[in-house]
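Take a walk through this model from the whole chain down to single residues. Keep the viewer open.

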Amino acid sequence: MDPNQLYDVLIVGGGNAALCAAITARQAGASVIVLEAAPKHFRGGNSRHTRNFRCMHDAPADVLTDSYGENEYWEDLLKVTAGHTDEKLARMVIRQTSECRPWMRAHGARFQPSLGGTLHLSRTNAFFLGGGKALLNGYYRAAERMGIEIEYNAEVNELNFRDGRFHSAVVVRKGFTEVVRAKTLVAAAGGFQANIEWLRSAWGEAANNFLIRGTPYDNGHILRLLMNQGARTVSDPTQCHCVAIDARAPRFDGGIITRVDCVSLGITVNQHAQRFYDEGEDFWPKRYAIWGRLVAQQPGQIAYTIIDSQAMGGFMPPVFPPIQARSLRELADALKLDPQALERTVAEYNAAVRPGKFDHAILDNCSTEDLQPAKSHWALRIERPPYYAYPLRPGITFTYLGVAVNERAEVCFEENRKLDNVFAAGEIMAGNILGKGYLAGLGMAIGTVFGRIAGEEAARRAHA
C-alpha cells in the first residue's frame, strides 16, 4: 500500500463481489487496491461459506441440466420476496447470470459435474468444486497474477469526500493509520450481521440469542459510513438471510455445515413443544432461509426439529450429531421439553396425517388434514424409533439493509445528489433485489453480476 499513489480503483471488502470488481477493473486497465479487513486466513467474507451460483440458461449447458429461463427464475424470486424486489435490477441480474460461468472459469472457478455429490439443484444452480473457499482461492490467485494490490487486516475507518466526490479512505493496518487515495471507490464490505448492537436496535433483546452464521468481519462499518454521507438505503434492518442452524453452533462463523436440512421431513416445535409453521410448505431450497426468522419469533429464540428413523439418510447431515432417544418421552427429557406436551403434539400430528405416496423430490400428496398449522407435503407419521432431534436457533448469514444502487452499480444518495465515483456490489446492496426471503445461490449471482458491473464502471470513470 503506497500512500503516495493515487489508485484508479479502491475496493473495500474481500469476498466474491469485491474480487469480481477488482479483476474486472484490472482487465480494463485500472490500477486496483483491495482492502480486506480480515486476516489472510479469514479472507473472503461470506463467500467462503457458499456452495453454488444460481444461473439462468435456456438449454442444458455444461454443468446445468434441462433449462431455467428468465421468467421461471423471476417467478421463483418473486415468490420468496413476496414482491419486495426491484424488478429492473433483478431481471438484469437474472439475464447476466447466463453469461457469467465462462468468465468465472477464466479466473479460477471450477464447477462440479451435474448429477453428482449434493447436486439436487443441478437444473438451477452450478456448484463450485471445493466450495466457496476454492472459488475465492482461485480469484485471489488470479488477482495476484494480474498485479492487483491486496492488503489484509486493513480496516477502513473513514471515507473522505471532497467537492461531492469520494477522495480517500483512512485505513488502520498493523497498528498504523494510513490514508489511501483513489479516483473511485467500490464498497463491497457486506452487511452488519456481526454487529450485535445494531442487530439489537432492530430486533430488541431477541438478538442476544442469535447466532451469526456468516463472517464476523461484517460489522456494517462501511455501510454506516456511506449512510452518514447521505447514501439512500433500501430494505429494513430486520430483514436478513436468516437460517435455522444447530443451536450448538459457535456464536460466529459457523458456516454452511451448521444448517439443519431435515425440517421438511419431520415437525418443528418451540420450547412449549408446539408446532408453529408448515414444515412442508415448499421445497427446502426455497424455504430454508425463512426458518431462521420463524425461530427468531419463538420464545427464547429456540426450536427443535423432531424426526424418526424413517427420515435418517434423507438429508444432508449437519456437523453436529442429532440427539437420539428410544421414546418421545425420553427425547423430551433430553431437550428439557414438557414430555406430555411433546407426546400430545406428535399424537395430534400423527392423527392428522393422510396416506399418500411419499416423494421428497416433488410436492407430493403426503399432507395433514384439519391440523393447524398444516403440513402440506412430505407428512409421514412420526412413529418409528429411535427418535431424533436437532435444536435450532436463528443463524444470520447477512443483513438486507443496504445502499440503493442503479443499474450501473452507482450508489444513490439522498436528494438525488450525484456522486459519480462511488459504487457498491454484493451484500451491501443486495437488499435492492432481496427485500425479504432468499433463493439458494442468489447471493453469489448478485455479487458476481454487480461486482463485474462495479469494476467496469469504476475503471471507466477513473479513466474518464
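Helices and strands here are DSSP runs, with at least four residues for a helix and at least two for a strand, numbered from the N terminus. By that count Asp 8 lies in strand 1. The model is predicted.

Start with the whole chain. The protein chain holds twelve helices and 19 strands. Its C-alpha trace spans about 70 × 50 × 40 Å along the principal axes. The radius of gyration is 23 Å, which agrees with the value near 23 Å for a compact globule because the chain has 464 residues. Of these 464 residues, 60% count as buried. Contacts reach across the sequence: among those with a separation of 6 or more, 74% link residues 24 or more positions apart. The exposed surface comes to about 17900 Å², and carbon and sulfur atoms supply 48% of it.

Now return to Asp 8. Is this residue buried or exposed? The cut-off for buried is under 20% relative accessible area. Asp 8 has 9%, so it is buried. Its side chain has polar partners. One is the backbone nitrogen of Ser 31, reached at 2.9 Å. Another is the side chain of Lys 183, in a polar contact at 3.4 Å. Leaving aside neighbours within four places in sequence, the contacts of Asp 8 include Gly 29, Ala 30, Thr 184, Ala 462 and His 463.

Gly 29 leads to helix 1. This glycine follows helix 1 and has a positive phi, near 95°. Helix 1 covers residues 16-27. Its twelve residues reach 16 Å from first C-alpha to last, close to the 16 Å expected at 1.5 Å a residue. How many of its twelve residues are buried? Ten are, and the helix is mostly covered. Among the buried ones are Leu 19, Cys 20, Ile 23 and Thr 24. Which elements cover them? The cover includes strand 1 (6-12), strand 2 (32-35) and strand 8 (176-187). It also includes helix 4 (100-106), helix 5 (131-145) and helix 12 (442-462).

Helix 4 and helix 12 also appear in the cover of helix 3's buried residues, along with strand 3 (52-54) and helix 2 (70-81). Helix 3 spans residues 87-97, and its buried residues include Leu 89, Met 92, Val 93 and Ile 94. Arg 91 and Thr 97 are buried there too. At the start of helix 3, a side-chain oxygen of Asp 86 reaches to within 3.1 Å of the backbone nitrogen of Lys 88.

Strand 8 holds Arg 181. With 29% relative accessibility, Arg 181 counts as partly exposed. A polar atom of its side chain lies 3.5 Å from the backbone oxygen of Asn 4. Beyond residues up to four places away in sequence, Arg 181 touches Pro 3, Asn 4, Gln 5, Leu 6, Tyr 7, His 167 and Ser 168. Compare that with Gly 69. The C-alpha atoms of Arg 181 and Gly 69 are separated by 43 Å, with their positions 112 residues apart along the chain.

His 167 and Ser 168 point to the next stop, the hairpin. Strand 6 (residues 154-162) and strand 7 (residues 165-173) run antiparallel, joined by eight bridges. One of the pairings sets Phe 161 against Phe 166 in strand 7. Two residues sit between the strands, and Asp 163 takes a positive phi there, near 50°. Asp 163 is not a glycine. Its relative accessible area is 80%, so Asp 163 is exposed.

Lys 336 offers a second case of a non-glycine residue with a positive phi, about 60°. Its place is the loop between helix 10 (328-335) and helix 11 (339-352). Lys 336 counts as exposed because its relative accessibility is 76%.

End at the loop between strand 16 (367-368) and strand 17 (387-399), where His 377 is found. His 377 is buried, with a relative accessible area of 15%. Its side chain reaches the backbone oxygen of Asp 364 at 2.7 Å. Leaving aside neighbours within four places in sequence, the contacts of His 377 also include Gly 280, Glu 281, Leu 363 and Cys 366.

Which peptide bonds are cis here? The bond from Gln 372 to Pro 373 is one, with omega near -10°. The bond from Pro 385 to Pro 386 is another, with omega near 0°. Pro 373 lies in the loop between strand 16 and strand 17, and so does Pro 386.

Note on methods. Residues numbered from 1 in each chain as written. Heavy atoms only, no water. Expected span 1.5 Å × (residues − 1). Buried < 20%, exposed > 50% of the residue type's maximum accessible area, 1.4 Å probe, protein only. Contact = heavy atoms within 4.5 Å. Pairing = 2+ DSSP bridges. Rg over C-alpha atoms; globule rule 2.2 N^0.38 Å. Areas by Shrake-Rupley, 256 points an atom, 1.4 Å probe, with all protein chains shown as cover. Polar contact = N/O pair within 3.5 Å; in protein donor to acceptor, adjacent residues only side chain to side chain.
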